[in-house]
Amino acid sequence: MRRPGTQEPDLPGDGVQAETPSRADGLARLASFVPHAAAYARERSRVVPPHDRVSRLSPYLRRRLILEREAIAAVWDVHPRDTVDKFVSEVLWRTYWKGWLELRPRVWDAYLEQRRRDRDGLAGTASTRYADAIAGRSGIACLDAWAHELIETGYLHNHARMWFASIWIFTLRLPWTLGAAFFLRHLLDGDPASNTLSWRWVAGLHTRGKHYLARAENIVRYTDGRFDPKGELDEQALPLNEPPLDLTPSPLPASIEVDTDLPSGLLLTPEDLSPEVSRLWKLRFRGVAGGWDEAVGDSLNLATAVVDFSRVAIADALSRAEMHLAVPSYVLDEGDWLAAAEEWALSLALRQVVTLETPVGRWRERLEQLDAQLARHGIALVRVRRIWDSSLWPGATRGFFPFNEHARRQGRLDGLTRIAPSQPG
Ligand SMILES: Cc1cc2nc3c(=O)[nH]c(=O)nc-3n(C[C@H](O)[C@H](O)[C@H](O)COP(=O)(O)OP(=O)(O)OC[C@H]3O[C@@H](n4cnc5c(N)ncnc54)[C@H](O)[C@@H]3O)c2cc1C
């Protein structure tokens, strides 16, 4: 498709309107981005809505409505590899953060604990600064515009996220955990790994002593002069410190094999919504179930738009699974998700509930609770990790650059071709 009267290709995202939470829309958005992938390295830094120089794929990748390897394969399919390397590296950043947190789950627990303490401790002028910042009335025009954009669209460009986090921490002097929580509440792609660890990176807690300071000059340049916060930002601040936290990576727990002889059901969570592009595809199930869990949304105080996105995405995955696996689907009660999942397993006389891996975060915690509940009935909960994750996550022991090399050495990145629906994940 070309714009009338021009030889220029369409902008990425053309033909795909607002985010619509389905795999088909994710694939359509990917297809419309592919022709622009080679220009991405040159053009992605421009931070001007509607952000048509970047892919806007994150809400889909986040829920695995489309897979990292599908995004990489799609651009490799039509461009020489060296011309789309920047895009491939960005997608690998997502895998890197997931793997990094998976090897150090205590960093997520520490974040939740610190967030609680920071919330309880907020008082006086800090409390007013916080209320103003999240309402978009801090008085710093760029920060306020980004707060509104985040709340209204569920999206911020990567640079705006970096600048926002940096100004929040070093100019407003607000706790980073509360900024991360504000992002997680509103981002359609809100993710425990990418979000928490990016905030820690900006603060100087990820690479100790190396923080990210927003510079007014950069903001002027990359927003095409839309904002000019000269003299408003603390550009000299020192990195944050925190009490010692053990960041030694632990090995990944072994992925359990599915017992193909047991009566099994497939459980879908918004952590991975493409079962038809996974090893589960070939198994026989008695039924497939899934549904939003209010308890997860409440614990992260998620905005309605974020919950709605997940809700519709789950419904999309259920209908695809029902069709591909030729089994009935069940929508679990959001108000009592745990009991509903247990009841579903019992009603089908299952001996095994199989789900695609739920990485570190609230869904993992819910699955651990479900595991304990099902065990009382002699039903096993089996979390299946994708080959992509099993081969790449263990490489997230140090920084991104060694990880990137590790990833490219792993055969998973080579030999990627266009994905057929039945290819394992
Ligand atoms: C403070 C802060 C918080 C962030 N929180 C999140 C979050 O909650 N969820 C999230 O998915 N990303 C997060 N990011 C990373 C990044 O900003 C977004 O992934 C990216 O802006 C999404 O837009 P896009 O799809 O147009 O990206 P593109 O530039 O088109 O990149 C393609 C894909 O690569 C991945 N990607 C790109 N940059 C990064 C990155 N720096 N880290 C991890 N993955 C990346 C995303 O999956 C993205 O969809 C955060 C970054 C910062 C600085």
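# A guided tour of the predicted model

Begin in the loop between helix 12 and strand 1, where D224 is found. The model you have open is a predicted one, and every stop on this tour should be read with that in mind. With D224 selected, look at its backbone: phi is near 55°, a positive value in a residue other than glycine. Most residues other than glycine have a negative phi, and most peptide bonds are trans. The residue D224 is partly exposed, with a relative accessible area of 47%.

Stay in this loop and move along to E232, which also lies between helix 12 (216-222) and strand 1 (264-268). Its relative accessible area is 35%, and E232 is therefore classed as partly exposed, the class that runs between 20% and 50%. What is E232 in contact with, once its neighbours within four places in sequence are left aside? Select G139, I140 and T171, and you have the residues that E232 touches in this way. Then add I167, which is 65 residues from E232 along the chain, while the C-alpha atoms of the two are separated by 9.5 Å.

## The loop between helix 2 and helix 3

Select P49 and P50 next, and turn the view until the bond between them is clear, for a cis peptide bond joins these two residues, with omega at about 10°. P50 is found in the loop that runs between helix 2 (37-43) and helix 3. R56 lies in the loop between helix 2 and helix 3 as well, and R56 has a positive phi of about 55° although it is not a glycine. Is R56 buried or exposed? At a relative accessibility of 16%, R56 counts as buried, because the cut-off for that class is under 20%.

## Three domains

Now colour the chain by its domain assignment, which gives domain 1 (23-102 + 392-409), domain 2 (106-222) and domain 3 (264-384). Taken over C-alpha atoms, the centres of domain 1 and domain 2 are separated by 23 Å. Their contact takes 19 residues from domain 1 and 21 residues from domain 2. Between them, domain 1 and domain 2 bury about 1,900 Å², and 62% of this area is on carbon and sulfur atoms. To see where domain 1 makes its share, select V47, W97 and L101, which supply 36% of the area that domain 1 buries against domain 2, more than any other three residues.

## Pockets

Where does the largest pocket lie? Domain 1 and domain 2 both give residues to its lining, so the largest pocket lies between them. The volume of this largest pocket is about 1,400 Å³. Of the 48 residues that line it, select E90, W93, W97, N158 and S198, which are the closest to its centre. Helix 5 gives the most to the lining of the largest pocket, with nine residues, and among the other helices that each supply at least two residues are helix 9 (158-171) and helix 11 (192-203). By class, this lining divides into 22 nonpolar, 16 polar and 10 charged residues.

The second largest pocket holds about 340 Å³ of space. Of the 20 residues that line the second largest pocket, Q114, D118, W176, E242 and P243 are the closest to its centre. Helix 6 (residues 106-121) provides the largest share of this lining, with seven residues. The lining of the second largest pocket has 12 nonpolar, two polar and six charged residues.

## Helix 10

From W176, follow helix 10 (residues 176-186): 10 of its 11 residues are buried, so helix 10 is largely enclosed by the rest of the structure. Among these buried residues are W176, F182, F183 and H186.

## The largest cavity

For the last stop, look inside the model, where the count comes to three cavities of 30 Å³ or more. The largest cavity has a volume of about 190 Å³. It is lined by 18 residues, and those that lie nearest its centre are R62, G190, L300, L302 and W363. Helix 13 (294-300), helix 14 (304-325) and helix 16 (362-375) are the elements that give two or more residues to the lining of the largest cavity. The lining residues of the largest cavity divide into 11 nonpolar, three polar and four charged. Finally, colour by domain once more: domain 2 and domain 3 both give residues to the lining of the largest cavity, so this cavity lies between them.

Technical notes. Residues numbered from 1 in each chain as written. Predicted model: local features only at pLDDT ≥ 70, side-chain atom pairs only at ≥ 80, totals over all residues. Heavy atoms only, no water. Buried < 20%, exposed > 50% of the residue type's maximum accessible area, 1.4 Å probe, protein only. Helix = DSSP H or I, 4+ residues; strand = E, 2+ residues; numbered from the N terminus. 1 Å grid on protein atoms, 1.4 Å probe; cavity = no way out; pocket = protein on both sides within 12 Å on 5 of 7 lines; lining within 4 Å. Points joined across faces, edges and corners; volume = space filled by probe spheres on them. Nonpolar A, V, L, I, M, F, W, Y, C, P; charged D, E, K, R; others polar. Domains from an automatic or database assignment. Contact = heavy atoms within 4.5 Å. Buried area = accessible area lost by both parts, 1.4 Å probe.
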